[in-house]
Amino acid sequence: MTKISQASGRRISFSPVFLFMAVLFCTCLIISNLIASKVFVVLGITLPAAVIVFPISYILNDCLCEVYGYRRARLVIWLGFLMNFFVVVITQLAILLPGAVFWQGDEAFRSIFGATPRATIASLLAFLAGSTLNAWVMSRMKVSQQGRHFWLRAILSSVVGECADSLIFIPVMFFAMGWQAVLVMMLCQVSAKVAYEIIILPVTKWVVARVKRLEELDTFDNNISYNPFKIFDL
């Protein structure tokens with residue numbers, strides 16, 4: 001396996017495996033937003049349907065940064081953000097179109113796709129901040145630990161990323177409920193998602209090891225810029 005230390009300005013071509021993972025990552029994010037409005041109950045616990053794709057998105061997020069490095073993970077994160085924004089714009093335009101007189105599904109369509117601007121903006125910004133910080137922590141810890149203890153950086157990066165996500169989304173959406181309720185909701189969400197990360201960690205480790213062998217690549221982010229807006233610095 002080739003260990004690569006990325007130097008500033010060095011450009012790397014995209015492999016078919018990377019492109020597949022990037023497309024799948026963006027698809028998972030879009031699907032999660034589209035199906036999140038449906039909730040179901042398992043063992044008395046109410047969950048959004050988006051939990052179906054949570055394992056896939058977690059594995060892809062960790063794998064992209066661990067194998068390909070922060071800079072390519074940053075590109076995929078921005079692609080996910082922009083594709084989600086594009087879907088939101090198109091669905092809102094579709095809602096504005098007058099429904100045909102013989103079509104009876106206009107109200108249901110609005111109910112499913114008519115997210116409020118506040119919810120949409122909060123969700124997009126929370127994803128961008130949380131995912132970027134998750135990748136940053138993964139990258140920095142990998143360099144400082146010389147590639148050891150993947151399990152530790154996978155868990156700690158999730159804690160940081162989910163805290164950032166919750167700090168943005170939950171107060172914006174539920175501030176009217178009071179700060180005590182907001183703090184409880186934040187704690188529950190972070191705890192649940194980190195617990196989920198721990199449960200699927202063996203699967204994540206297996207996928208990461210498999211992709212490293214397939215790509216013959218193990219990237220260390222030495223001397224790179226962590227500026228989240230340098231999207232095309234690859």
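A residue is called buried when its relative accessible area is under 20%, exposed when it is over 50%, and partly exposed in between, with a 1.4 Å probe and protein chains only. By that rule Tyr 226 is buried, with a relative accessible area of 18%.

The structure is a predicted model, in which local features need pLDDT of at least 70 and side-chain atom pairs count only at pLDDT 80 or more, while totals for chains, interfaces and linings use all residues. Residues are numbered from 1 along each chain as its sequence is written, and side-chain values use heavy atoms, with hydrogens and water left out.

## Helix H2 and its packing against H1

Helices (H or I, at least four residues) and strands (E, at least two) are DSSP runs that are numbered from the N terminus. Helix H2 covers residues 54-68, and its 15 residues should span 21 Å at 1.5 Å a residue, which agrees with end C-alpha atoms that are 21 Å apart; the expected span is 1.5 Å times one less than the number of residues. Of the 15 residues of H2, 13 are buried, so the helix is largely enclosed by the rest of the structure. Just after H2, Gly 69 takes a positive phi of about 95°.

Two packed helices are described by the angle between their axes and the distance between the axes. For helix H1 (residues 16-35) and H2, the axes come within 10 Å and cross at roughly 145°, where axes are lines fitted to C-alpha atoms, for helices over the stretch in contact, and angles run from 0 to 180 degrees between N-to-C directions. H1 passes H2 in a left-handed crossing, a term for a near helix turned anticlockwise from the far one by less than a right angle, with right-handed used if the turn is clockwise. On the H1 side the contact is made by Val 17, Phe 18, Met 21, Leu 24, Phe 25 and Cys 28, and on the H2 side by Ile 56, Ser 57, Leu 60, Asn 61, Cys 63, Leu 64 and Tyr 68; contact means heavy atoms within 4.5 Å. By class, this contact has 11 nonpolar, two polar and no charged residues, with Ala, Val, Leu, Ile, Met, Phe, Trp, Tyr, Cys and Pro counted as nonpolar, Asp, Glu, Lys and Arg as charged, and the others, Gly among them, as polar.

## Aromatic pairs

Rings of Phe, Tyr and Trp (its six-membered ring) pair if their centres lie within 6.5 Å, and planes under 30 degrees apart count as stacked, over 60 as edge-to-face and the rest as tilted. By this rule the count comes to nine aromatic pairs. In one of them, the rings of Tyr 70 and Tyr 226 have centres 4.8 Å apart and planes at 55°, so the pair is tilted. This pair links distant parts of the chain, since Tyr 70 lies in helix H3 (residues 70-96) and Tyr 226 in the segment after strand S4 (217-220), 156 residues apart. Tyr 70 is also buried, at a relative accessible area of 1%.

The rings of Trp 78 and Phe 81 have their centres 5.6 Å apart and their planes at 75°, so that pair is edge-to-face. Both residues lie in helix H3, three residues apart, about one turn of the helix. Trp 78 counts as buried at 12% relative accessibility, and Phe 81 is buried at 13%. Elsewhere, Phe 14, Phe 18 and Tyr 68 form one aromatic cluster.

## Residues of helices H6 and H8

Neighbours within four places in sequence are left aside in the contacts below.

| Residue | Relative accessible area | Contacts |
|---|---|---|
| Thr 204 | 0%, buried | Ile 59, Asp 62 and Phe 150 |
| Asp 165 | 17%, buried | Ala 126, Phe 127, Gly 130 and Gln 189 |
| Phe 169 | 23%, partly exposed | Ala 119, Ala 122, Ser 123, Ala 126 and Phe 174 |

Thr 204 belongs to helix H8 (residues 201-215), whereas Asp 165 is placed in helix H6, as is Phe 169.

## Positive phi in two loops

Most residues other than glycine have a negative phi, and most peptide bonds are trans. His 149, in the loop between helix H5 (117-144) and helix H6 (150-174), has a positive phi near 60° and is partly exposed, with a relative accessible area of 40%. Glu 216, in the loop between H8 and S4, likewise has a positive phi, near 55°, and is exposed at a relative accessible area of 53%.
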